[in-house]
Amino acid sequence: MFLKFEKWHGAKNDFILTWLLGDDDVIFDSLVRQAPSLCKRDGSGVSADGLLVLHISDREQIFPDKLSIINSDGSIAETCGNGIRCAALSTLKRHRHYSPRDIPIGFELDLNSSTVTCRFLGKGKLEGKDYWPLVSVDMGTPKLNDESDRFSDAKDEVKRVSQELKLPELTREWGYVDVSNEHLVFFLDDADRELLLKVGPAFQESKVWDGINVHLAVAKEVSNKDRTESANKLGQAIEELYDVYVWERGAGETMACGSGACAVASAALDTGLVERSNWLAIQMPGGRLYCKQEAKDDPVNLAGPAQYVFEGTIEI
């Protein structure tokens, strides 16, 4: 059987996206099984960090009933900020095809365990086929550190890995964040890809969890160019910027992670040293994302780009 797909990326966190008609468990289960081969980057697969499945019950239905997210190893993800933005713009693309007039500036999207609100930002015309707006997504209210019953286990794991790798700096300033999926955020004076390739895998081998997202964050000085760019895109200049390296559960090293950007922002805001009324910029290897959480109990808002790459068919 052949299945149509679109290739998208959000800050180079890339996905195979397909619209699945009907409640077809056979096709979905086949996609789960074949995810590792479909996502391979050795030339034998499409090449992706995961699969996005938008479920519809009618062939010409514009807004999906649900989004399912499959990691490149075949595991199921509860949320994915970059994937959600790709799904939102694929929905916009579909709206342009079936009903180009009166495109709404936002809509709700159901995930496996939550519902998120997607909004299109910017001043361009949504019906314009060459215009791909920034998408903002309410990613839910995170649980930080001792707000989760997993924090005690996380402390033990951080201590274990820091001793195992002889990296005591991992224990100095870090946070555990649950944004429907689990994240460890380490604030460091310096970080690079080489360090990520040591730290990320070390936290996957654990009796506590079946993998976890790991982020190495370094605070950077905000330039006038950064302020001007964010003011143009968001209507507000940023005052905080972090460089972040990403290791994702079920995918390994990736170019960006939307829920990870939210985790970094939430952990930074929780220190009380960062102004909550402003957007924070999170610079990942694949591009820049923006986050805002105006109050501790509010959802984290994630904003960023997504880009359509090409379309094709896969045999399953």
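User: What makes helix 2 stand out in the lining of the largest pocket?

Analyst: In this predicted model, helix 2 gives the most to the lining of the largest pocket, with six residues. Other elements that give two or more residues to this lining are strand 1 (2-10), strand 2 (13-21) and strand 18 (307-315), alongside helix 2 (81-98) itself.

User: Which residues lie nearest the centre of the largest pocket, and how many line it?

Analyst: The lining of the largest pocket holds 25 residues, and Lys4, Glu6, Trp19, Arg94 and Tyr98 are the ones nearest its centre. The volume of this pocket is about 760 Å³.

User: How do you know what classes the lining residues of the largest pocket divide into?

Analyst: The lining divides into twelve nonpolar, four polar and nine charged residues. Of the residues nearest the centre, Trp19 and Tyr98 are placed in the nonpolar class because Trp and Tyr count as nonpolar, whereas Lys4, Glu6 and Arg94 are placed in the charged class because Lys, Glu and Arg count as charged.

User: What is known of the second largest pocket, its space and the elements around it?

Analyst: The second largest pocket encloses about 300 Å³ of space, and the residues closest to its centre, out of 24 that line it, are Asn71, Ala77, Glu78, Asn181 and Arg249. At least two lining residues come from each of strand 2, strand 3 (50-56), strand 4 (66-71) and strand 5 (76-77), with strand 4 supplying the largest share, three residues. By class, this lining has ten nonpolar, eight polar and six charged residues.

User: Why is the set that includes Leu67, Ile84, Leu109 and Cys118 called a nonpolar core?

Analyst: The set is called a nonpolar core because its members are buried residues of types such as Leu, Ile and Cys, joined through side-chain atoms within 4.5 Å. This largest core has 57 residues, and Leu67, Ile84, Leu109 and Cys118 have the most contacts inside it. Helix 6 (residues 258-270) gives the most to this core, with eight residues. A second, separate core has 22 residues, including Val161, Ala191, Leu196 and Val214.

User: Which residues does Leu109 touch, leaving out those up to four places away in sequence?

Analyst: With those left out, Leu109 touches Leu54, Pro64, Leu67, Ile84, Ala87, Ser114, Thr115, Val116 and Cys118.

User: Why does the approach of Ser206 to Val208 fall within the distance limit for a polar contact?

Analyst: The side chain of Ser206 reaches the backbone nitrogen of Val208 at 2.9 Å, and this falls within the limit because a polar contact needs N or O atoms within 3.5 Å. Ser206 is found in the loop between helix 4 (193-202) and strand 12 (213-220), where Ser206 also touches Glu157 and Arg160, not counting residues up to four places away in sequence.

How values were computed
Residues are numbered from 1 along each chain as its sequence is written. This is a predicted model: local features need pLDDT of at least 70, side-chain atom pairs count only at pLDDT 80 or more; totals for chains, interfaces and linings use all residues. Side-chain values use heavy atoms; hydrogens and water are left out. Buried means under 20% relative accessible area, exposed over 50%, partly exposed in between (1.4 Å probe, protein chains only). Helices (H or I, at least four residues) and strands (E, at least two) are DSSP runs, numbered from the N terminus. Contact means heavy atoms within 4.5 Å. On a 1 Å grid over the protein atoms alone, a cavity is a set of points where a 1.4 Å probe fits but cannot get out, and a pocket is an open set with protein on both sides within 12 Å along at least five of seven lines; lining residues have an atom within 4 Å of a point. Grid points are joined across faces, edges and corners, and a volume is the space filled by probe spheres set on the points. A polar contact is a pair of N or O atoms within 3.5 Å; within protein, one must be able to donate a hydrogen and the other to accept it, and residues adjacent in sequence count only if both atoms are side-chain atoms.
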